[in-house]
Amino acid sequence: MYAPDSGYRAQQSMVGFTVEAADGVIGHVDRHQDQPGMQHLVVDTGVWKFGRSVLIPAGSVTSIDTEALKVEVALSREEIKSAPRFTTDSETADPGYLSEVGDYYLSLHT
């Protein structure tokens, strides 16, 4: 879930927003899931990661600036780069994959 002080508003579209890690821009929001218990962003990293997309759980979002069209996350570029590979949209409905991604990001903060 999004942190209460992140600026998140239910049903708010963030598609196209720039995504900024703690140490620089990583890409833009390609799509996002807003269902309770399954909130996440799919971020297109463009050339930074050879055109790869990554899934970032909503709990990693620290700030959403609707005027600047920017989402900030509490992760480094290297942490995002090392996340489990995202390849198809069907993975966003796969509890096993979502658990693997969640466990990876959770391990970074323990």
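## Getting your bearings

Helices and strands here are DSSP runs, with at least four residues for a helix and at least two for a strand, numbered from the N terminus. Counted that way, the protein has two helices and six strands. Keep in mind that you're looking at a predicted model.

Walk along the chain from the N terminus and the elements come up as β-β-β-β-β-β-α-α. The radius of gyration is 13 Å, close to the 13 Å that the globule rule gives for 110 residues, so the protein is as compact as a globular protein of that length. If you'd like a feel for the dimensions, the C-alpha trace spans about 35 × 30 × 30 Å along its principal axes.

## The sheet

How are the six strands ordered in the sheet? Reading across, the order is β4-β3-β2-β1-β6-β5, in an open sheet with mixed pairing. The edges belong to β4 (53–57) and β5 (61–65), each of which pairs on one side only. From one strand to the next, the twist averages 35°.

## Three hairpins

Start with β1, which covers residues 18–21. It runs antiparallel to β2, and four bridges join the two. One pair to look for is V19 with its bridge partner G27 in β2. Getting from β1 to β2 takes a hairpin with two residues in between.

Next come β2 (residues 24–33) and β3 (residues 40–44), another antiparallel pair, this time joined by five bridges. Here V29 has V43 of β3 as its bridge partner, and R31 stands opposite V42 in β3. This hairpin puts six residues between its strands, and G37 takes a positive phi near 85°.

Then there's the hairpin of β5 and β6, with four residues between the strands. L69 sits in that turn, with a positive phi of about 55°. The two strands pair in the antiparallel sense over four bridges, and β6 spans residues 70–73. V61 stands opposite V73 in β6.

## A helix across the sheet

Now for a helix: α2, made of residues 95–107, lies across β3 and β4. Its direction makes an angle of about 70° with β4.

## The largest pocket

Rolling a probe the size of a water molecule over the atoms shows where empty space is left. In this model, the largest pocket has a volume of about 250 Å³.

Which residues line the largest pocket? They are M1, G37, M38, Q39, H40, L55, P57, A58, G59, L98, V101 and G102. You've already met G37, with its positive phi in the hairpin of β2 and β3. Both β4 and α2 supply at least two residues of the lining, and the largest share, three residues, comes from α2. That's the helix lying across β3 and β4.

What classes of residue make up the lining of the largest pocket? There are seven nonpolar and five polar residues, and no charged ones.

## Putting it together

Here's the picture to take away. The six strands make an open, mixed sheet, with β4 and β5 at the edges. Helix α2 lies across β3 and β4, and both β4 and α2 contribute to the lining of the largest pocket.

Key. Residues numbered from 1 in each chain as written. Predicted model: local features only at pLDDT ≥ 70, side-chain atom pairs only at ≥ 80, totals over all residues. Heavy atoms only, no water. Pairing = 2+ DSSP bridges. Axes fitted to C-alpha atoms, helices over the stretch in contact; angles between N-to-C directions. Contact = heavy atoms within 4.5 Å. 1 Å grid on protein atoms, 1.4 Å probe; cavity = no way out; pocket = protein on both sides within 12 Å on 5 of 7 lines; lining within 4 Å. Points joined across faces, edges and corners; volume = space filled by probe spheres on them. Nonpolar A, V, L, I, M, F, W, Y, C, P; charged D, E, K, R; others polar. Rg over C-alpha atoms; globule rule 2.2 N^0.38 Å.
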